[in-house]
Amino acid sequence: MIQNPDPTEGGACDILENIPSDSERRAATDAPSRRGGGFRFRRPASFTIFRNRANAPSQEQSVRASFVSAVDTVDDSVEFLADALGRAGEQSAGEEPEERRSITALDVQKKEGDIYNISGSEDEEQINPLSSDYNGIIANYFSVGLMIGGSTSLLYPILIVREGATASLMTASYAVVMVFWSYKIVFGFLSDCFPIFGYKRKPYIVIGWLFCAGVMMSLAREGNDVDSRNLVIMLALANMGYVWADVAADGFMVWVAHREPIEKRGKMQTLVYSVNKLGQIAINVLIMFGFSGPEMNCVGFEPDPDVPCSTNISVTKRVDPDMYQNNPNGWCYEKCHQATFDWDLSIPEFALCICFVIVASIPLYLRLKEDKAKAEPRMEFLKKFWIQVKRRACWQIILYGMISHITFGVMNGLRSKFIASPYPTCPVAAKMPANYVWLDLHTFQHQIMVIFEKFVFFIGLNLVRKYALNVSWRKSVLIGSILVLIFNSMYFIIIFDVWRNSWFYIFTDVSALFMYTLNFLASHASMVEVAEPGYEAITYSMITTATNAVSPLSAVISYQLLAFFPSLNDQESIATDTPQVRKEFACLHLLVILLNLSSLLSLPLLPRQKKETRELVAKGEKSTFWGMYVIGSALTFLCYSTFVTFITVKYHDVYGCMKILGGGGCSADESSTFALWLVSVILFYCYGTNFYLSYLPILRGEQRFSWKMFI
């Protein structure tokens with residue numbers, strides 16, 4: 001029987017004195033060694049916990065051990081001094097010392113399990129986002145949902161129903177309204193690098209929402225007859241304000257998520273996006289009841305009987321022929337069958353409703369609990385941030401986001417734009433006007449569809465939050481993408497007039513969006529894992545900027561593909577419903593499905609789950625080339641898509657007919673060469689980059705092909 005040693009003889013005291021504290025363990029890390037190229041750990045103190053006192057070392061052995069320990073200490077000191085002198089020499093030789101000095105929370109790990117702990121403090125309590133100190137974050141995402149749902153859903157009744165806009169103008173208008181989502185990196189840099197009164201988040205959230213409210217007040221003063229182009233520009237400016245606020249809130253959200261244990265990490269992220277969907281549902285209910293009256297849905301409707309009916313041919317040709325023939329002089333005073341109610345909500349009233357919610361939420365933003373932070377020197381901040389961009393974990397996720405978004409985001413129904421973001425929406429180039437003329441999808445039904453979409457997305461987020469936080473992201477994307485494409489294939493039933501029913505279309509579209517929830521979460525969850533403490537806003541916004549930058553490009557490709565199907569570009573030609581129109585529509589839809597399906601080829605670039613992402617980060621692999629490659633790609637796509645989008649909206653009457661911009665052609669002999677060349681270059685970028693990173697190593701024999709690459 002083993003007995004405990006007598007405490008008076010020093011047994012228990014020896015144990016307590018020999019156990020190193022956490023601070024001693026942290027202090028045991030030496031500077032990087034010139035010879036070893038890594039980190040050297042000092043030998044821990046020897047432990048005698050499990051030795052019998054009978055086998056205790058003699059006094060002579062103790063002296064010898066003390067002498068050896070002293071020699072080791074001197075050796076360590078000399079090596080540390082040599083390392084310091086070596087680094088000084090290397091710096092004078094022109095090398096980049098910042099990469100050696102920039103030791104972040106991911107570079108030094110105290111033990112193996114710490115690579116999954118991002119906050120750097122194991123003892124820090126998990127934050128309750130619903131508490132009074134942090135519920136402002138939740139309120140922010142609800143307001144973001146109001147603005148997203150309001151600014152995008154308002155375009156359908158205004159542009160498609162009331163104005164009869166072409167497919168290319170409608171698609172470009174969506175892209176313009178959401179264009180500032182592609183510039184989130186700018187707001188992320190401001191939030192992380194320029195604290196206001198020592199705060200990185202609260203001031204920017206408040207400033208962004210005040211700016212947004214100011215623009216919406218200006219829109220209210222424009223009246224109900226605001227020009228459609230001015231409406232698009234003002235909604236885009238309002239979106240700039242709330243994107244500014246949303247980026248700062250993203251940094252807050254990532255900061256909270258970093259304090260979640262890895263098994264539960266993702267609950268905060270899914271919570272804020274669920275609340276975002278609630279905001280979108282609320283504003284779409286308002287649009288459904290407020291914009292389903294005759295003034296918004298009956299072409300040429302005139303509420304004032306003293307004003308004569310319009311004789312503009314662009315208006316009269318869209319009026320119901322029976323109503324026009326029965327009352328050629330008073331048709332504009334009658335309620336058409338597309339109108340569900342007898343009343344209408346004006347655009348000023350709509351804008352003021354949103355302003356009220358924004359202003360009412362400001363006190364919650366001011367109450368947010370945030371610790372003050374000192375502003376880091378700008379160049380030093382950017383140098384450390386560049387080191388993060390060069391990490392394989394970072395640029396690989398960025399490339400996956402860009403490639404998958406371009407291929408999966410091309411004209412695949414009304415859905416969230418960024419696998420990088422739940423926010424902007426991108427409509428099918430030809431499907432929107434086709435739904436209006438083939439299915440008679442009026443505003444009320446369209447808003448019911450949108451509400452169902454948001455509600456299903458909300459349910460999907462909460463199911464994943466409760467049951468599937470740790471399911472493989474690749475499996476989620478694979479299953480979700482295939483099911484989305486199956487439901488989208490049902491649109492062929494509508495194309496060939498097998499069954500043209502608006503509720504059937506709503507069912508297929510909503511079902512597809514439920515599966516798309518899986519794709520969305522997989523791409524967003526990985527962003528939290530690569531964002532380092534102190535760089536939450538800029539890192540999260542950088543990844544979303546890269547993926548958002550290609551989303552307008554997906555819209556550009558959408559209406560550039562229309563250059564090869566000219567009969568699908570306007571409502572009048574689609575309404576003829578000839579065999580040629582059906583054939584072209586079927587070819588376009590099949591092409592879209594194939595492009596969407598090819599996005600699955602990029603799955604090997606996506607880490608499987610949170611732990612695999614953290615392990616990839618911990619490896620610390622860096623590449624200057626690929627860091628520059630993703631930055632250059634994002635900037636190129638951003639500049640091009642922004643230029644084309646604004647030109648299409650601003651000068652649509654002059655340049656909107658050009659095939660290179662998605663029109664049917666300004667003349668009969670206009671060539672399609674440039675449009676074909678542009679689409680080919682974009683697709684070559686997607687497939688070429690993915691092939692080089694994922695499949696070329698297999699052909700070289702460096703890796704082995706396995707179907708597990710996709711799961």
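Author: Quick ground rule before we start: buried means under 20% relative accessible area, exposed means over 50%, and partly exposed is in between. E612, at 28%, therefore counts as partly exposed. Keep in mind that this is a predicted model.

Reader: Fine. What does the side chain of E612 meet in a salt bridge?

Author: R608, with N to O at 3.4 Å. R608 has a relative accessibility of 29%, so R608 is partly exposed too.

Reader: Let's zoom out. How many helices and strands are there?

Author: 29 helices and zero strands. The protein has 711 residues, and 55% of them count as buried.

Reader: And the contacts between residues at least 6 apart in sequence, what share joins residues at least 24 apart?

Author: 83% of them.

Reader: OK, the largest nonpolar core. Which residues touch the most other members?

Author: I137, W209, M216, L219, Y242, M402 and W438, out of 159 residues in that core. Helix α10, residues 228-257, gives the most to it, with 19 residues. There's another core lying apart from that one, with eleven residues, including C298, V299, V315 and C332.

Reader: Pick L219. What is L219 in contact with, leaving aside neighbours within four places in sequence?

Author: V226, L231, M234, L235, I347 and A351. As a general point, nonpolar side chains tend to be buried together in soluble globular proteins.

Reader: Back to charges. How many salt bridges come up?

Author: The count is 14. One of interest joins the side chains of K184 and D250, at 3.1 Å from N to O. That pair links distant parts of the chain: K184 sits in helix α8 (residues 184-193) and D250 in helix α10, 66 residues apart.

Reader: Is K184 buried or exposed?

Author: Buried, since its relative accessibility is 1%. D250 is at 2%, so D250 counts as buried as well.

Reader: Which residues are linked in a network of salt bridges?

Author: D497, R500, D577 and R582. Within that network, the side chains of R582 and D577 meet at 3.0 Å, N to O.

Reader: Where does D577 lie?

Author: In the loop between α24 (571-576) and α25. D577 is buried, as its relative accessible area is 18%. Its phi is near 55 degrees, a positive value in a residue other than glycine.

Reader: And what's phi for D497?

Author: Near 60 degrees, so positive again in a residue other than glycine. Most residues other than glycine have a negative phi. D497 is found in the loop between α21 (491-495) and α22, and D497 is partly exposed because its relative accessible area is 39%.

Reader: Changing topic: K610. Where is its place?

Author: In helix α26, residues 610-619.

Reader: K610 has no salt bridge, so what is the nearest side chain of opposite charge, and how far away?

Author: E529, 6.0 Å away. A salt bridge needs the nitrogen and carboxyl oxygen within 4 Å, so that pair does not make the cut-off. And K610 is buried all the same.

Reader: Then what does its side chain reach at 2.9 Å?

Author: The backbone oxygen of R265. Not counting residues up to four places away in sequence, K610 touches I262, E263, R265, L469, N470, W473 and E529.

Reader: Which residues in α26 are buried?

Author: K610, T613, R614, L616 and V617. Looking down the axis of α26, the buried residues fall within an arc of 155 degrees, so they line one face of the helix.

Reader: And what follows α26?

Author: G620, whose phi is positive, near 75 degrees.

Reader: You gave T613 as buried. How about S526, what does S526 touch?

Author: T613 is one of them, along with I397, W473 and L606, not counting residues up to four places away in sequence. S526 is found in helix α22, residues 502-530. With a relative accessible area of 1%, S526 is buried.

Reader: Last one: L590 and N488, how far apart are they in space?

Author: 9.9 Å, C-alpha to C-alpha, while they are 102 residues apart in sequence. L590 lies in helix α25, residues 579-598, and at 44% relative accessibility L590 counts as partly exposed.

Note on methods:
Residues are numbered from 1 along each chain as its sequence is written. This is a predicted model: local features need pLDDT of at least 70, side-chain atom pairs count only at pLDDT 80 or more; totals for chains, interfaces and linings use all residues. Side-chain values use heavy atoms; hydrogens and water are left out. Helices (H or I, at least four residues) and strands (E, at least two) are DSSP runs, numbered from the N terminus. Buried means under 20% relative accessible area, exposed over 50%, partly exposed in between (1.4 Å probe, protein chains only). Lys and Arg count as positive and Asp and Glu as negative; His and the chain ends are not counted. A polar contact is a pair of N or O atoms within 3.5 Å; within protein, one must be able to donate a hydrogen and the other to accept it, and residues adjacent in sequence count only if both atoms are side-chain atoms. Contact means heavy atoms within 4.5 Å. A nonpolar core is a set of buried Ala, Val, Leu, Ile, Met, Phe, Trp, Tyr and Cys residues joined through side-chain atoms within 4.5 Å. The arc is that of the directions from the helix axis to the C-beta atoms.
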